Amino acid sequence: MCDFTKAEIEKFHHKIAQNVARIRKAKGVSQLELSLKIGYKSCSLVGGAEAGYKKIHFNLEHLYKIAKVLEIDIKEFFK
């Protein structure tokens, strides 16, 4: 079994959220616009995940959809 801490996992989620925000902004897409395009009616998921609010995180399905909307390879979120 591999050892990892909660802090490491939180840092990982934060890095992904920062990359989503950076790429989204570079593409000129608002949180609301992105949310609507991935099937949500408000920006609570995107805004919450980007801000780390209440431990909201993107899952793989979210990242897949976001990558498609932003027209990038999903691996860009993990760099």
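Helices in this account are DSSP runs of H or I with at least four residues, numbered from the N terminus. Under that assignment the predicted model contains four helices and zero strands, and the chain, read along its sequence, follows the pattern α-α-α-α. The radius of gyration is 13 Å, close to the 12 Å given by the globule rule for 79 residues, so the chain is as compact as a globular protein of that length. Along its principal axes the C-alpha trace spans about 40 × 25 × 20 Å. Among the contacts with a separation of 6 or more, 51% are accounted for by residues 24 or more positions apart.

With respect to solvent exposure, 30% of the 79 residues of the chain count as buried, and the accessible surface comes to about 5,600 Å², with 59% of that area belonging to carbon and sulfur atoms. The chain carries 15 positive and 9 negative charges, and the mean positions of these two sets lie 4 Å apart.

The largest nonpolar core comprises 16 residues, of which Val-20, Leu-34, Ile-38, Phe-58, Leu-63, Ile-66 and Phe-77 touch the most other members. To this core α1, α3 and α4 each supply at least two residues. The surroundings of Phe-77 can be described in further detail: when its neighbours within four places in sequence are left aside, Phe-77 is in contact with Lys-15, Ile-16, Asn-19, Val-20 and Ile-23, and also with Leu-63, Ile-66, Ala-67 and Ile-72.

Helix α3, which covers residues 44-51, is mostly covered, since six of its eight residues fall in the buried class, that is, under 20% relative accessible area. The buried positions are Leu-45, Val-46, Gly-47, Gly-48, Ala-49 and Glu-50, and these residues pack against α1 (6-26), α2 (31-37) and α4 (60-70). Just after α3, the backbone at Gly-52 takes a positive phi of about 70°.

A further buried site is provided by His-62, which is found in helix α4. The relative accessible area of His-62 is 9%, and because the cut-off for burial is 20%, this residue is classed as buried. Apart from its neighbours within four places in sequence, His-62 is in contact with Tyr-40, Leu-45 and His-57; of these partners, Leu-45 is also one of the buried residues of α3.

Note on methods:
Residues are numbered from 1 along each chain as its sequence is written. This is a predicted model: local features need pLDDT of at least 70, side-chain atom pairs count only at pLDDT 80 or more; totals for chains, interfaces and linings use all residues. Side-chain values use heavy atoms; hydrogens and water are left out. Buried means under 20% relative accessible area, exposed over 50%, partly exposed in between (1.4 Å probe, protein chains only). Contact means heavy atoms within 4.5 Å. A nonpolar core is a set of buried Ala, Val, Leu, Ile, Met, Phe, Trp, Tyr and Cys residues joined through side-chain atoms within 4.5 Å. The radius of gyration is taken over C-alpha atoms; the globule rule is 2.2 Å times the number of residues to the power 0.38. Accessible areas come from the Shrake-Rupley method with a 1.4 Å probe; for residues, only the protein chains shown count as cover. Lys and Arg count as positive and Asp and Glu as negative; His and the chain ends are not counted. The place of a charge is taken as NZ of Lys, CZ of Arg, CG of Asp or CD of Glu.
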